[in-house]
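Visitor: I should like a close look at a single part of this model. Please take me through it step by step.

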Amino acid sequence: MKRIGILTSGGDAPGMNAAIRAVVRSGIYNDMEVYGIRRGYAGLINGDFVKMDLGSVGDIIHRGGTILRTARSEEFKTPEGMEKALKNIEALGLEGLVVIGGDGSFRGAIELSKRGVATIGIPGTIDNDIPFTDYSIGFDTAVNTVVEAVNKIRDTATSHERTFIIEVMGRESGNLALYSGVACGAETILVPEMPFTIKDVCEKIMSGFRRGKLHSIIILAEGAGQGFDVGREIKNITGFETRIIVLGHLQRGGTPTAFDRILASQMGGKAVELLKSGVSNKMVGWVKGELLVTDLEQILTTNKPFNMELYELANILSI
Ligand code: ADP
């Protein structure tokens with residue numbers, strides 16, 4: 001394989017740049033030409049390609065976001081969009097493509113591989129909702145971002161003896177809420193995977209109150225409810241002042257943690273190795289400390305299991 005492309009697609013995640021750097025440098029090391037495709041699949045359709053050299057990925061390992069930009073492209077899902085993308089791929093002579101993104105992006109990668117373009121997926125999303133990998137790129141950084149924010153909020157929560165609800169990202173996945181909640185020592189963690197009643201949440205706050213605890217931190221995944229609604233209901237039932245913080249896009253940015261940089265570097269290096277040896281339609285994951293290669297189709301047909309053990313432990317530790 002002599003010429004490969006790389007793109008980032010879907011939501012950005014810290015560490016994507018470290019993965020781009022790894023793909024570009026490993027590719028060049030293996031005598032390949034590497035092209036960056038700007039704005040994900042939209043760039044494939046528009047022929048927005050840039051040849052990458054060793055220096056083009058210098059000074060980016062510590063930066064959040066993605067130097068290649070990212071986008072969502074509805075056109076790519078249409079036969080006409082796909083046709084345009086394939087024409088550009090052929091015109092440039094790209095034989096392989098590394099796709100960094102989430103499951104939507106992997107659907108696109110599968111479609112390309114069906115049409116003869118060798119594709120390798122790298123999981124990049126702060127949601128950590130991709131199966132067959134313990135971590136996706138960006139998750140660890142996002143957890144640390146939430147923890148830092150909660151550290152600051154906790155000072156006020158303690159001083160003013162208030163209940164704080166911190167709404168974090170995760171429409172369908174409570175992973176970010178769960179992991180950051182455990183790391184913050186949150187009193188309550190609310191996730192879409194586990195049904196809850198406001199009555200139970202209030203009872204927990206009240207039982208803390210009875211043993212002299214006058215503040216409470218609730219981490220709420222956005223998919224489990226709206227912070228302002230939950231806050232209003234808690235105030236109505238308990239009478240406690242409740243403050244709501246929606247962390248929003250703060251969680252997507254920032255310098256990647258060392259963990260994310262190392263993970264991204266390993267995954268990027270492996271993606272190139274796989275393309276070099278003729279492998280296609282796979283995702284590089286990381287399970288129990290080792291890289292794991294899985295069929296992209298299997299990624300899309302499997303749900304990532306929710307970490308029940310950690311959830312139950314969080315409940316025990318927050319009594
Ligand atoms: P993520 O990769 O973070 O899950 P999206 O779900 O928004 O993000 O998907 C990113 C892009 O992947 C979409 O904008 C689209 O261009 C492409 N994509 C998603 N689903 C398909 C599909 N079924 N066929 C082709 N391309 C797809």
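Which strands does helix α1 (residues 16-29) lie across, and at about what angle does the helix run to β1?

Guide: The model is a predicted one. Helix α1, residues 16-29, lies across five strands by name: β1, β2, β3, β4 (96-101) and β5 (118-123). Relative to β1, the helix runs at about 180°.

These strands belong to an open sheet of seven strands, whose order is β3-β2-β1-β4-β5-β10-β11. The pairing within this sheet is mixed. Its edges are formed by β3 (49-52) and β11 (290-295). Each of these two has a single partner strand, so one side of each is left without a neighbour in the sheet. On average, neighbouring strands of the sheet are turned by 25° against each other, direction ignored.

In general, strands of a sheet pair through backbone hydrogen bonds, in either a parallel or an antiparallel manner. Strands β1 (residues 3-8) and β2 (residues 33-37) run parallel and are joined by five bridges. One residue pair may serve as a point of reference in the displayed structure: Ile 4 has Val 34, in β2, as its bridge partner.

The part under discussion can thus be located from either side. From the helix, α1 lies across β1 and β2, among other strands. From the sheet, β1 stands between β2 and β4 in the strand order, while β3 is at an edge.

Definitions and conventions:
Residues numbered from 1 in each chain as written. Predicted model: local features only at pLDDT ≥ 70, side-chain atom pairs only at ≥ 80, totals over all residues. Heavy atoms only, no water. Pairing = 2+ DSSP bridges. Helix = DSSP H or I, 4+ residues; strand = E, 2+ residues; numbered from the N terminus. Axes fitted to C-alpha atoms, helices over the stretch in contact; angles between N-to-C directions. Contact = heavy atoms within 4.5 Å.
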